[in-house]
Amino acid sequence: MSYLAGIDIGGTKCAVSIGKTTEKDGIEICYKEKFPTPDTPEAAVQKMADTLAFMIDAQKEIDLKAIGISCGSPLDSKKGIIMCPPNLPNWDQIDIVTPFAKRFGVPVQVQNDANACGLAEWLWGAGRGTRNMIFLTFGTGLGAGLILDGKLYCGTCDMAGEVGHVRLSEDGPEGYGKKGSFEGFCSGGGIARFAVPYIEEWIRNGRQTQILPPGKIPQEITTADIGTAAGKGDELALDILKKAGENLGKGLSVLIDILNPERIVIGSIYLRQEDILREPMMEVIRRETLLQNRQVCQVVPAGLGEQLGDYAALSVAGNLLRLDNSFI
């Protein structure tokens with residue numbers, strides 16, 4: 001049994017947690033504290049470190065073994081530097097690792113949130129037991145965490161897994177600043193933007209849809225609105241999600257043939273809408289991929305469910321211990 005700490009740094013909120021590994025190589029979250037992200041990086045680091053110290057002091061049985069930090073890209077995981085992610089505009093060249101390493105005297109590492117979620121699913125979720133696994137966020141944006149040959153693959157400059165930037169079509173909704181990108185078609189914002197012309201045409205033809213809540217115009221709808229309407233059997237909502245599933249299948253087909261994974265684990269939107277997305281996704285995969293590759297690859301929802309984010313930073317700490325051959 002080992003105690004791990006997780007630090008999750010977001011644009012609007014931060015979270016500090018302590019988890020305890022279990023006899024079956026699982027993890028149990030013991031303590032967690034969330035708070036709004038302070039205005040400056042210095043204040044945020046101080047608040048997070050003080051919160052963790054308070055948790056440890058309050059529970060004398062805690063013998064902390066490692067600290068994992070999760071935040072948005074870009075960053076340098078080897079040097080422990082956060083390099084001004086879009087959701088943290090004032091965090092430019094911030095050494096996030098050193099303050100925690102000095103104060104708590106344990107190994108510390110930072111990873112981007114997609115990598116952290118990928119590690120969590122690999123260590124404790126739907127990817128357990130695999131050597132080659134891809135995790136897709138499929139939430140507000142679309143990023144990937146890559147587990148290749150039994151270890152996290154970060155790339156030359158920590159930018160591996162930016163699959164949302166891959167262009168699937170010459171035109172389409174914009175993601176990553178690129179029209180027709182994988183993220184443009186398969187993310188919360190992307191699906192909502194993709195739906196607008198379909199809703200407008202639907203209305204011009206004198207048809208009604210439950211996608212539009214009272215008082216909203218098509219440009220204001222969210223993917224959650226589409227999902228809610230689809231759950232009620234709305235014809236247009238179901239068709240839009242079917243098209244999203246087809247585009248998901250296009251993107252996954254590229255990954256399946258290039259990386260030959262055993263398992264692709266998908267979070268957020270896929271977790272909630274698998275019943276609708278899965279068949280159109282698989283239809284494209286069956287058509288587009290090499291037989292040998294698709295026969296060995298499973299596509300599954302995140303095993304840690306909606307709590308995945310709670311485990312992400314902890315998994316960075318857990319992976320540190322695993323690499324030291326001391327993960328229990």
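This report looks at the cysteines and at one pair of packed helices in a predicted model.

Residues are numbered from 1 along each chain as its sequence is written. Local features need pLDDT of at least 70 and side-chain atom pairs count only at pLDDT 80 or more, whereas totals for chains, interfaces and linings use all residues, and side-chain values use heavy atoms, with hydrogens and water left out.

A disulfide is a covalent bond between the sulfur atoms of two cysteines. With a disulfide taken as a pair of cysteine sulfur atoms within 2.5 Å, the count for this model is 0. Two of the cysteines are set out below, where buried means under 20% relative accessible area, exposed over 50%, and partly exposed in between (1.4 Å probe, protein chains only).

| Cysteine | Closest cysteine sulfur | Relative accessible area |
|---|---|---|
| Cys117 | Cys71, 12 Å | 12%, buried |
| Cys157 | Cys154, 11 Å | 52%, exposed |

Cys117 cannot form the bond because the sulfur in Cys71 is too far away.

Helix 1 (residues 41-58) and helix 2 (residues 97-104), which are DSSP runs of H or I with at least four residues, numbered from the N terminus, pack with their axes 11 Å apart at an angle of about 30 degrees. The axes are lines fitted to C-alpha atoms over the stretch in contact, and angles run from 0 to 180 degrees between N-to-C directions. Helix 1 is therefore roughly parallel to helix 2, a term for angles under 35 degrees. Among the residues in contact (heavy atoms within 4.5 Å) are Val45, Leu52 and Ile56 of helix 1 and Phe100 and Arg103 of helix 2.

Note on methods: Helices (H or I, at least four residues) and strands (E, at least two) are DSSP runs, numbered from the N terminus. Angles under 35 degrees count as roughly parallel, over 145 as roughly antiparallel, 65 to 115 as roughly perpendicular and the rest as oblique.
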